[in-house]
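Dear colleague,

I am passing on the structure we discussed, placed just below, and after it you will find my notes on what the coordinates show. Please read them with the model open beside you.

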Amino acid sequence: MTAAASVHPAMRIAVPERIDEAALARFDRSASVVDCDGETMGTRWHVRMALPAGGDAELLAARVQARLDGIVATTAPRREAGPRCRPISRR
């Protein structure tokens, strides 16, 4: 691995198999494009989105972070608060 590859990992994009045209019907070309990011699961997340007029980028970023935190809370086996950390009952 080159030094550049370790600094800039490959980009990963999640795209649905099919995009519903109705979802883009009200697309506003004048909307501001904003970037939000944060940390989760030992890595970072990044979202670029078109922010509608009156939209709150900080609120949307907080909602993304809360959703990811919720996923981590239910799946992380080493977190004491996670459901997978319940003691195993021995008979």
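Strands β1 and β2 form a hairpin with two residues between them, where helices (H or I, at least four residues) and strands (E, at least two) are DSSP runs numbered from the N terminus. The two strands run antiparallel and are joined by nine bridges, and strands are taken to pair if DSSP finds at least two bridges between them. In the loop between β1 and β2 sits Met41, which has a positive phi of about 50 degrees although it is not a glycine. Most residues other than glycine have a negative phi. Met41 is exposed, at a relative accessible area of 54%; here buried means under 20% relative accessible area, exposed over 50% and partly exposed in between, with a 1.4 Å probe and protein chains only.

Before going further, please note that this is a predicted model, in which local features need pLDDT of at least 70 and side-chain atom pairs count only at pLDDT 80 or more, while totals for chains, interfaces and linings use all residues. Residues are numbered from 1 along each chain as its sequence is written, and side-chain values use heavy atoms, with hydrogens and water left out.

The protein chain has two helices and two strands, which follow the pattern α-β-β-α along the sequence. Of its 91 residues, 15% count as buried.

Across the hairpin, Asp35 stands opposite Arg48 in β2, and the two residues, 13 apart in sequence, are 4.5 Å apart in space from C-alpha to C-alpha. Their side chains make a polar contact at 2.8 Å, that is, a pair of N or O atoms within 3.5 Å, of which, within protein, one must be able to donate a hydrogen and the other to accept it, with residues adjacent in sequence counting only if both atoms are side-chain atoms. Arg48 nevertheless counts as exposed, at 59% relative accessibility.

Helix α2 (residues 57-75) has 19 residues and reaches 27 Å from its first C-alpha to its last, close to the 27 Å expected at 1.5 Å a residue, the expected span being 1.5 Å times one less than the number of residues. Its buried residues are Ala61, Gln65, Leu68 and Val72. Seen down the axis of α2, these fall within an arc of 65 degrees, so they line one face of the helix; the arc is that of the directions from the helix axis to the C-beta atoms. The face turned away from the buried side carries the exposed residues Arg63 and Arg67. What covers the buried residues of α2 includes both β1 (32-40) and β2 (43-51).

Which residues make up the largest nonpolar core? The seven are Val34, Cys36, Trp45, Met49, Leu51, Ala61 and Leu68, a nonpolar core being a set of buried Ala, Val, Leu, Ile, Met, Phe, Trp, Tyr and Cys residues joined through side-chain atoms within 4.5 Å. At least two residues of this core come from each of β1, β2 and α2, and β2 gives the largest share, with three.

Two further residues link the strands with the helix. Leaving aside neighbours within four places in sequence, Trp45 is in contact (heavy atoms within 4.5 Å) with residues including Cys36, Ala61, Gln65 and Leu68. Thr40, found in strand β1, is buried, with a relative accessible area of 9%, and on the same sequence criterion touches Trp45, Gln65, Leu68 and Val72.

With best regards
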